[in-house]
Amino acid sequence: MFSLEIIRNPKPLQPLKAAILDFDGTISLIREGWQQVMIPLFIEVLAETPNGKLETTTELEHAVREFVDLLTGKQTIYQCIRLAEEVAKRNGIPQEPLVYKHEYHRRLLQRIHHRLEALKNGNNPTEHLVPGSYHLLQTLRQHGLVVYLASGTDEVFVKEEADLLRVTDYFNGGVYGAQDDHKTFSKAMVIQRIISENNLQGQELIGFGDGYVEIENVHNIGGFAVGVATNESERSGIDDWKRKRLIEAGADLIIPDYSDMEQLESQIFA
Ligand SMILES: [Mg+2]
């Protein structure tokens, strides 16, 4: 059941010229369930610190969920930097954030390995896409928008996974992801680049995302922000937790996915 919910501006204030889309959870479901890898790992790390030993698992989980969620949409390294700070706060000796990131990625790959293999073997990508993704991308291009992909996942993986999902060609503005030197990439930087490359006003940009960061960034420059609150494991309906955070971040609309493009199209292009 599709339902589009208007939160702030019902429609963009100006005709749209460019779009920026997040990848994981907004287009791709390949990394579905990454939180179930990151959160237990981070709890494990904190539970080994001197003061963490005195906290219950529930307390640690609450602390971890809070910062993991708030930083979702930024590069993964920021969640790991924060983990290192939390270790120090509990009198532990933190590892380099990159060490945490590599361990997270090693565990995540175990979880998603079979999905990547199936796609490499030519399986239909549909079940690893947010419903209606192709239709959304086609519609944005048909309306003449320059379409950009910007992800907090490492760029090499984003490019590979976008190819496997057969969506790369839609992104005529380019595909951007996290760099080893994390200071050289942010979604806010990509947005600034879009604005200057296309000589845009903020209001001519539309953003689609399931994370706090991209919605807040688009909202802050006066763009039109569509919060995509897909229930990723069901591939249907709304994830209430995402919905709540996306509204806080500044979403104009909340949608469960793109399965009713007709309704969405008339809302954003009327
Ligand atoms: Mg995302």
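**Exercise 1. Work out how the protein is divided into domains and how far apart their C-alpha centres lie.**

Solution. Start with the division: domain 1 covers 5-29 + 129-269, while domain 2 covers 35-120. Keep in mind as you go that this is a predicted model. Next, take the C-alpha centres of domain 1 and domain 2, which lie 25 Å apart.

**Exercise 2. Describe the side of domain 1 that touches domain 2: how many residues are in contact, and which element gives the most?**

Solution. Begin with the contact itself, where 14 residues of domain 1 meet 11 residues of domain 2. Then look for elements that supply at least two residues to the domain 1 side: these are β3 (146-154) and α8. Of the elements there, α8 gives the most, with three residues. Finally, sort the residues of this side by class, which yields five nonpolar, five polar and four charged.

**Exercise 3. Stay with α8 and determine how its axis is placed against that of α9.**

Solution. First, locate the helices: α8 spans residues 212-220 and α9 spans residues 240-249. Their axes come within 8 Å and cross at roughly 25°. Angles under 35 degrees count as roughly parallel, so α8 is roughly parallel to α9. For the handedness, α8 passes α9 in a right-handed crossing.

**Exercise 4. Which residues make the contact between α8 and α9, and how do they divide by class?**

Solution. On the α8 side, pick out Y212, I215, E216 and H219. Across from them, α9 brings R245, L246 and A249. Grouping by class then gives four nonpolar, one polar and two charged residues.

Methods: Residues are numbered from 1 along each chain as its sequence is written. This is a predicted model: local features need pLDDT of at least 70, side-chain atom pairs count only at pLDDT 80 or more; totals for chains, interfaces and linings use all residues. Axes are lines fitted to C-alpha atoms, for helices over the stretch in contact, and angles run from 0 to 180 degrees between N-to-C directions. Helices (H or I, at least four residues) and strands (E, at least two) are DSSP runs, numbered from the N terminus. Angles under 35 degrees count as roughly parallel, over 145 as roughly antiparallel, 65 to 115 as roughly perpendicular and the rest as oblique. A crossing is left-handed if the near helix is turned anticlockwise from the far one by less than a right angle, and right-handed if clockwise. Two residues are in contact if their C-beta atoms, placed from the backbone, lie within 7 Å. Ala, Val, Leu, Ile, Met, Phe, Trp, Tyr, Cys and Pro count as nonpolar, Asp, Glu, Lys and Arg as charged, and the others, Gly among them, as polar. Domain bounds come from an automatic or database domain assignment.
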